[in-house]
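Q: Got a minute to go through this one with me? I'd like the overall layout before the details.

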Amino acid sequence: MQIDDLDRKILQHLRDDGRVSYVALANKFNVSEGTIRKRVRKLEENQILQIVGVTDPFKVGLDTVAFVWLKVERNKLESVINELKNIEDIRYLVITTGSYDVVAMAVLPNRERLVQLLNKKLGQIPGVQSTETSIVLEIHKQIYHWSPFDQELNPGGEANAED
Amino acid sequence: MPRIEIDDIDRKIIQLLQDDGRLPFLTIANQLGLAEGTIRRRVARLLDERILEIVGVTDPLKVGMHTVAIVGLNVERRRLEDTIERLKQMPEVRYIAVATGMYDIITEIVVPSNDALLEFLITKLNEIPWIMNTGTSLVLKIAKQDFAWGLES
């Protein structure tokens with residue numbers, strides 16, 4: 001799906017306030033509320049956008065956040081990813097270049113669950129060659145506002161049709 | 001130990017909003033058998049105290065931020081705080097965690113292009129004198145991005 005300027009403007013407002021009023025957006029951009037609603041639905045359906053409540057795990061009692069770096073047999077990468085995706089405690093999962101093939105972030109209620117994840121779950125997946133674990137002690141920044149809209153990050157003016 | 005600053009009602013509200021950030025307060029109120037004003041007040045507190053954020057999250061790779069990297073840093077221990085302060089100011093850095101293990105600090109960098117990443121690594125990071133070593137993993141694909149982390153009862 002290609003996103004256009006109106007989509008970008010909608011995304012930009014929603015990233016700051018996920019509950020911004022669609023009527024307000026409609027008035028601002030001179031379109032109908034239904035248009036905004038339809039655009040948002042389409043962005044959600046295409047998995048470009050999710051409007052969600054995000055918490056700081058440490059503030060809600062989730063004690064243990066860990067990054068797990070995995071080395072995976074090349075020809076099993078896809079099946080390993082599929083297995084990892086289904087593990088609920090893994091919240092963020094990426095395929096990377098570098099010394100490791102996969103990086104997973106897990107958010108768990110306690111250390112015991114981490115041990116279980118490492119030994120019982122990751123240890124059982126065929127194709128996982130080795131893992132390295134970093135336990136997060138403090139989170140200093142956590143933003144989801146990455147966007148092609150910020151001036152200083154703008155790729156080349158294409159997304160620059162702001163006001 | 002982390003301070004748990006929420007009660008069971010907050011927890012339920014958060015759970016519902018993790019699933020749908022735009023769920024009407026009235027719907028939440030009806031589901032929990034509480035007044036809409038109560039929900040509104042509690043959500044306002046959760047937002048004020050930054051326990052909860054309600055945001056539109058995009059997949060950066062799908063909206064023109066073509067380069068995402070996980071960069072681990074080793075820094076001089078006694079300059080850890082200074083390094084974090086400097087990193088926090090940089091808009092390219094969207095996640096910073098202090099960690100045990102191979103790296104002292106784990107960051108996530110989101111930029112529009114590989115050129116921008118190179119520029120960031122060799123110019124911006126180099127301006128922080130206490131960084132001794134970095135390891136960059138370029139993200140090829142985001143396979144999962146889920147923020148509804150377990151507030152299981």
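**Layout and barrel**

A: Sure. This is a predicted model. Among contacts in chain A between residues at least 6 apart in sequence, 61% join residues at least 24 apart.

Q: And how much of chain A is buried?
A: Buried residues account for 38% of its 163 residues.

Q: What secondary structure does chain A have?
A: There are 5 helices and 5 strands. Along the sequence, chain A reads α-α-α-β-β-α-β-β-α-β.

Q: Which domains are assigned in chain A?
A: Domain 1 covers 5-53, and domain 2 covers 57-136. The C-alpha centres of these chain A domains are 33 Å apart.

Q: Switching to the strands. What do they build?
A: A closed barrel of 8 strands, with antiparallel pairing. The order is E2(A)-E4(A)-E3(A)-E5(B)-E2(B)-E4(B)-E3(B)-E5(A). From one strand to the next, the twist averages 35°.

Q: So both chains contribute. How many bridges join E3 of chain A to E5 of chain B?
A: 5 bridges. Strand E3 (residues 90-96) of chain A and strand E5 (residues 131-145) of chain B run antiparallel. One bridge there pairs A:Ile95 with B:Lys141.

Q: What about helix H5 of chain A, what does it touch?
A: Helix H5 (residues 111-121) packs on the sheet. In chain A it touches strand E2 (64-72), strand E4 (102-108) and strand E5 (128-142). Its direction makes about 145° with that of E4(A).

Q: And where does H5 of chain B lie?
A: Helix H5 (residues 114-124) of chain B lies across strand E2 (67-75), strand E4 (105-111) and E5 of chain B. It runs at about 140° to E4(B).

Notes
Residues numbered from 1 in each chain as written. Chains lettered and ligands numbered in written order. Predicted model: local features only at pLDDT ≥ 70, side-chain atom pairs only at ≥ 80, totals over all residues. Domains from an automatic or database assignment. Helix = DSSP H or I, 4+ residues; strand = E, 2+ residues; numbered from the N terminus. Buried ≥ 20, exposed ≤ 12 C-beta atoms within 10 Å, placed from the backbone. Contact = placed C-beta atoms within 7 Å. Pairing = 2+ DSSP bridges. Axes fitted to C-alpha atoms, helices over the stretch in contact; angles between N-to-C directions.
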